[in-house]
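Let's take a walk through this fold together, moving from strands to helices and then to a few local details. Have the sequence and the 3D view open as you read.

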Amino acid sequence: MKKIFIYGSGQLGINAAAYLLASRQQGIAEVVLFSPHNFKRVEGAIADLSDTQAMIGQTPGWHFKASGNVADMAESDFIFFCAGKFPKSEEYVEAAKKGIDDRLLQAIQNIDLLKDFCNNVRQLSPKAKVFIITNPVDLMTDIARENLPNQEVYGLGCYLDTARFKRELKELLEERGITVDIAAISAWILGHHCGSMFLHRGSLYFPGIDKCQNLEDILQTALAKTRSRGLTITNINAAAADKKINNGAYFAPAVMIANVMSACAGDTALELPLNRLIADGEFSGRSAQLLAKIETGRITPIRLNFTDDDTQMLKASILGQTKSRKAIGL
């Protein structure tokens, strides 16, 4: 049986587990939801999930366990890092005066937490594959990779951006009287999970694309909305009466985690963008979110044909990452 450890199991971990059951995704694994500061809340959620399995008549293949002890990470096969502190409103204001944006401020707040996590991984699960979700995900993934030089480390984010882009594109097409099923849209959003993400044009297709007028304007509008989608959700949640520390999205990111878990511990193959090291070419040794395949826990890169424009967009994304590192002294 595979062992999956979710480090920082708040809304993401619990909703990922719930989606695994509701979608009836198959897999055989012990899933440990680690939450040192809210252990009893997770324990109660898992008791509820066990009733959910019975309710839908599912023979348990996913075995969930709540943990408040990091030692339970030992001998994990796959580990997801979802933990993070969120700055206070006054800290955002002070950071803005220094030219530090919200995502970089999150990195400053959470680098030490990430390094402690990496130390635990080295000691307890030196063979585990590690997935980073905490934002700014690409920067945090690079830092984790530097602290776990002998392990496979990947970042998640452009998988979610790809889904968001398809939804935005579908809505824009419908405004123009073109009906397209989301499942019929082919596209990959690559680069980094931030403003430098870009559409890989060679992967773009939907029925009727050759007859679509003003396609370039539609694509640019869809991409702009995709880039700002996370902030849009955060701002909506921040205006709610019941204030929460984390106002970001968590349902869709939880589905992202669930699908990756299913590909790691089940018989489902999943193609998605992952922050991974680039092995060759102009950007060898650098990292970006590029297409890969997860199948029975094995992760293999998928090579896409890049146009000159794609290459320039990737270069800009990588240079932006370098500037971010310098901005916080890395």
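In which sense do strand β2 and strand β3 pair, and over how many bridges? Please keep in mind that you are looking at a predicted model. Strand β2, residues 29–34, and strand β3, residues 62–67, pair in the parallel sense, and six bridges join them. To find the register, look for A29, which stands opposite W62 in β3. Between the two strands the chain passes through helix α2, residues 39–55, and the resulting β-α-β crossover is right-handed. While you have these strands in view, one general point may help: the side chains of a regular strand alternate between the two faces of the sheet.

Now turn to helix α7, which runs over residues 215–238. With 24 residues at 1.5 Å a residue, α7 should span 34 Å, and the distance of 34 Å between its end C-alpha atoms agrees with that. Even so, follow its axis with care, since α7 bends by about 50° at S228. Which residues of α7 are buried? They are L215, I218, L219, A222, L223 and T226. These buried residues pack against helix α6 (158–175) and also against two strands, β7 (189–190) and β8 (198–199).

From there it is a natural step to α6 itself, where you will find T162. Is T162 buried or exposed? Its relative accessible area is 4%, and with the cut-off for buried lying under 20%, T162 is therefore buried. Leaving aside residues up to four places away in sequence, T162 touches A187, W188, I189 and P273.

Next, move to the loop between β9 (269–277) and β10 (287–295), which holds I278. Although it sits in a loop, I278 counts as buried because its relative accessibility is 11%. Which residues does I278 touch, not counting residues up to four places away in sequence? The contacts are F283, S284, G285, R286, A288, L290 and I318. I278 can also be set beside P301: 23 residues separate them in sequence, while their C-alpha atoms are 9.1 Å apart in space.

What about the cysteines? The structure holds zero disulfides. C158 is in no disulfide, and the nearest cysteine sulfur to it, that of C194, is 7.9 Å away. A disulfide would need the two sulfur atoms within 2.5 Å, so at 7.9 Å C158 and C194 are not joined. C158 counts as buried, with 0% relative accessibility, whereas C194 is partly exposed at 31%.

Finally, there are some backbone details to look for. Where is the cis peptide bond that leads into P136? It runs from N135 to P136, with omega near -5°, and P136 lies in the loop between β5 (129–132) and α5 (137–147). Two further residues deserve a look at their phi angles. R24 is not a glycine, yet it has a positive phi of about 60°; you will find R24 in the loop between α1 (11–22) and β2, where it counts as partly exposed at 45% relative accessibility. E75 also has a positive phi of about 60° without being a glycine. Its place is the loop between β3 and β4 (78–81), and E75 counts as exposed, at 69% relative accessibility.

Methods: Residues are numbered from 1 along each chain as its sequence is written. This is a predicted model: local features need pLDDT of at least 70, side-chain atom pairs count only at pLDDT 80 or more; totals for chains, interfaces and linings use all residues. Side-chain values use heavy atoms; hydrogens and water are left out. Helices (H or I, at least four residues) and strands (E, at least two) are DSSP runs, numbered from the N terminus. The expected span of a helix is 1.5 Å times one less than its number of residues. The bend at a residue is the angle between axes fitted to the seven residues ending there and the seven starting there. Buried means under 20% relative accessible area, exposed over 50%, partly exposed in between (1.4 Å probe, protein chains only). Contact means heavy atoms within 4.5 Å. Two strands pair if DSSP finds at least two bridges between them. A crossover is right-handed if, with the strands pointing away from the viewer, the path from the first strand over the helix to the second runs clockwise.
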